[in-house]
Amino acid sequence: MSPRPGTMLRPTGRGVAVLGLCTVMWLLGDLARVTPARQLAAALLLMLVLGAIGIMVSSVGLRARRYLVDDAVPVGSTARVMLELTGPAWITVVPLGRGIVREHLPEPLGGQGDLPLAARMPHVLHVGRRGGHGLGPYSLIVRDLLGLFHLRRTVADDLRLIGLPVIGAIEPAAERATGISRQSARRAAGSPGIGEIGPLARPYASGDDIRRINWRASARTGQLMTREEEPASAQSAVIVLDTSRRENPSAEVEDALVSHAATVLEALGLHGWEVRVVDASGDEITRTGRRRGLAGASPLGREADTVEQRASLLALADVDFDDDAPGGIGQDHAAGHTALAIALGPDDGDPFSGLELDRFAGRAAHRTAIALRPALEDPRAAPDTRAPHRARRGGPARRIGPADGEDFGHAHEQHARRLAAVRDRHAPTRSRLGTWDLVRGTAADTLTDLLTAPEESPR
């Protein structure tokens, strides 16, 4: 339980014992006229005075602030946090006390941990779950050198650290099998159907190819009109996340599904697709357009792509798997121009039950549904993904130095390797679910393994 914000000064158990012994010795010396008892009482009283002076001096200027160097990092990675004293705290100049900073962190960030008190306290936090996590309060704890008094100053801030989905890699063979690559997209292109827009007509401009003149529109408008083709239908895709409520939800599976959705979203963007990501209710989670930085060296285009990618990851980080079936799951959200559809959901024995997947797919030529179950039946067998400084209770937080910056961007890769070490022995399988290819696997399987899974052998 986290302490309340504020300042609390109290004697320690040792201080109470010294105070009690001092009182007894003083009374004994005063009543029995025992000189050594009076001397002992005076010595104990002097200890209390020195302890009080030490704690008072140590509390002068004891103010701190905390800020995030990385406010959003992939799950399994580490985020840099800076905690520093805001003024010239006397405890750093006159060592009359000993202090620590105790961070009351939530479990997804590693739980409670301590830092040695200093002017600057850079450290790292391990992010174990997707979504936004409040850092919670932190306490400046100081004791005098004799350990007689205890000062706790608790500060609460509104800092939140976001665990982002992990973007993995998809091999070319898996992209071709699913229709993500450009070659497959062109083969999937079809003629406009119901709800799709055909060629548009715009006024003729000097330099337009005369073969593209729309004579019918020209006759209707009285001026030359040129055909302007709409983007090919095969360049629009939809990703469906089955966010319907489950009786026994698995955080491992939910995070894996969202990370796979982020990976597919990234792969589709790199191949020039326009993508929508929707939940089980049909509500749009995020949308991305064609990548602006793909054709040629366009710094502004790459920057715009980076901003769009971050916005999509933040939207996926907040996805909750709590949609109710009676609330109208998957109703009337079909898109006629969709050429590729990928659905992701948990496998509870009857995957995508109650979800009318065809409503999302429109006229998609490629339809793939991926259902995942937990990688481990016994959660206690899962590897310890806590940061090293959280592995044993009461251990100090890991301090960082100048050489620690190179591995921040690769920590999630180490997390992926640890996850691969506990993969289920059963490989993913492929079967049919209506008009969809249904792939069933575990949360430890990579997207490449899932998308290239072989057909399930008939029994």
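In the predicted model, helix H2 (residues 35-59) lies across four strands, namely S1, S5 (97-103), S9 (138-144) and S10. The helix runs at about 20° to S10. These four strands belong to an open sheet of 5 strands, ordered S1-S10-S9-S5-S6 and paired in the antiparallel sense. Strand S1 (6-11) and strand S6 (113-116) form the edges, and each pairs on one side only. From one strand to the next, the twist averages 20°. At one edge of this sheet, S1 is joined to S10 (residues 149-155) by 6 bridges, with antiparallel pairing. Within this pair, Met8 has Arg152 of S10 as its bridge partner.

The chain as a whole contains 10 helices and 20 strands. It has 459 residues, of which 45% count as buried. Among contacts between residues at least 6 apart in sequence, 72% join residues at least 24 apart. The exposed area of the chain is about 23,800 Å², and 55% of this area is supplied by carbon and sulfur atoms.

A second antiparallel pairing involves strand S2 (residues 64-68) and strand S4 (residues 78-85), which are linked by 5 bridges. In a regular strand, side chains alternate between the two faces of the sheet. Strand S2 shows this alternation: Ala64, Arg66 and Leu68 point to one face and are buried, whereas Arg65 and Tyr67 point to the other face and are not buried. Tyr67 stands opposite Met82 in S4.

Helix H7 (residues 299-317) consists of 19 residues. The distance from its first C-alpha to its last is 27 Å, close to the 27 Å expected at 1.5 Å a residue. Several residues of H7 are buried: Gly301, Asp305, Glu308, Ser312, Leu313, Leu316 and Ala317. The elements that cover these buried residues include one helix, H6 (251-270), together with strands S8 (131-134), S11 (160-164), S14 (236-241), S15 (274-278) and S16 (284-288).

Further along the chain, strand S20 (residues 436-442) is mostly covered, with 5 of its 7 residues buried. Strand S20 pairs with strand S18 (residues 366-373) through 6 bridges, and these two strands run parallel. In this pair, Ala369 has Leu438 of S20 as its bridge partner. Strand S20 also pairs with strand S19 (residues 429-433), here in the antiparallel sense and over 5 bridges. Arg432 and Asp437 are bridge partners, the latter in S20. Strands S19 and S20 form a hairpin with 2 residues between the strands, where Gly434 takes a positive phi near 65°.

Contacts of Asp358 involve residues of this region. Asp358 lies in helix H8 (residues 358-361). Its relative accessibility is 43%, which lies between the 20% limit for buried and the 50% limit for exposed, so Asp358 counts as partly exposed. Leaving aside residues up to four places away in sequence, Asp358 touches Arg367, Thr435 and Trp436. With Thr435, the contact includes a polar one of 2.9 Å between the two side chains. Trp436 is 78 residues from Asp358 in sequence, yet the C-alpha atoms of Asp358 and Trp436 are 8.5 Å apart in space.

Terms used. Residues are numbered from 1 along each chain as its sequence is written. This is a predicted model: local features need pLDDT of at least 70, side-chain atom pairs count only at pLDDT 80 or more; totals for chains, interfaces and linings use all residues. Side-chain values use heavy atoms; hydrogens and water are left out. Two strands pair if DSSP finds at least two bridges between them. Axes are lines fitted to C-alpha atoms, for helices over the stretch in contact, and angles run from 0 to 180 degrees between N-to-C directions. Contact means heavy atoms within 4.5 Å. Buried means under 20% relative accessible area, exposed over 50%, partly exposed in between (1.4 Å probe, protein chains only). Accessible areas come from the Shrake-Rupley method with a 1.4 Å probe; for residues, only the protein chains shown count as cover. The expected span of a helix is 1.5 Å times one less than its number of residues. A polar contact is a pair of N or O atoms within 3.5 Å; within protein, one must be able to donate a hydrogen and the other to accept it, and residues adjacent in sequence count only if both atoms are side-chain atoms.
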